[in-house]
Amino acid sequence: PPEDWRPIGSWVLLSGHWGQGSICDDRGRSCRHRGNHRRGGAGGTVTEFDFLSVLVSIIFGLALTHLLSGQFRFIYQRRMTESHLLYTGWLFMALVLNWWMLFTWHDYRGWTFDAFLLIVLWALSFYVAAIALYPPEEIAPEGEPFNYFWFFCAVLGTIAADIAWTAMRGMLLTPWYYLPFALHYAVLAILAARFKSHRFRRLVAWWFFLSIVAWSMGVRRLL
């Protein structure tokens, strides 16, 4: 065999550099160029984005499932309030919108572990927000007032992750009003966590929901 071969199961890798060489079976009957795995596109090959998007889609799917099950649990227990329903609507729209925006990375070429880690943390921040809005029964038992403090902390986490995600993609100022729009959610979350006025939190909940609907259907409707 060639000097630079090494076995992988029943396959042999020639020129074992990512993006170079060929993969052949142990009898040499069939070979295929390994470079297609990195560049992707044709022939059903897997790109880095395909690999990452599977994990992110699982995380977002779990977050949506948790949100739906938590909503029905609160309705069944008669704990659902107007503000809680509005925050649920906001988080639902944020999850679906950011899942949609993930596709903007499909043509990204500068993949590193830093980028991979940031996107995973970005996705996990939304899952944490879903858990904070609908925590397990043992943490927020039925009959006790709901504590929104941890939900607002989770909102701050999603905003920070989203800003970092957008900056790495080079779209922090595209459009120019994205950053003020994201930061205004952080300011409102801090104020709502600080001031426990029911009327103020109700106004914040309504603004969260209406603004994310307008943003999703207007600014981010097209990639």
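**Cavity and pocket linings in a predicted model**

User: Which class supplies 13 residues of the lining of the largest cavity?

Analyst: The model is predicted: local features need pLDDT of at least 70 and side-chain atom pairs pLDDT 80 or more, whereas totals for chains, interfaces and linings use all residues. Residues are numbered from 1 along each chain as its sequence is written, and side-chain values use heavy atoms, without hydrogens or water. In the lining of the largest cavity (points on a 1 Å grid where a 1.4 Å probe fits but cannot get out; lining residues have an atom within 4 Å of a point), 3 residues are polar and 2 are charged (Asp, Glu, Lys, Arg). The class with 13 residues is nonpolar.

User: How much space lies in the largest cavity?

Analyst: The structure holds 1 cavity of 30 Å³ or more. Volume here is the space filled by probe spheres set on the grid points, and for the largest cavity this is about 240 Å³.

User: Which elements give two or more residues to the lining of the largest cavity?

Analyst: This cavity is lined by 18 residues, with L97, N98, D162, Y178 and I212 closest to its centre. The elements (helices being DSSP runs of H or I, at least four residues) are α3, α5 (149–169), α6 (178–194) and α7.

User: Which element gives the largest share of the lining of the largest pocket?

Analyst: This pocket (an open set with protein on both sides within 12 Å along at least five of seven lines) holds about 320 Å³. Its 17 lining residues comprise 6 nonpolar, 4 polar and 7 charged. Both α3 (82–101) and α7 (198–217) supply at least two of them. The largest share, 4 residues, comes from α3.
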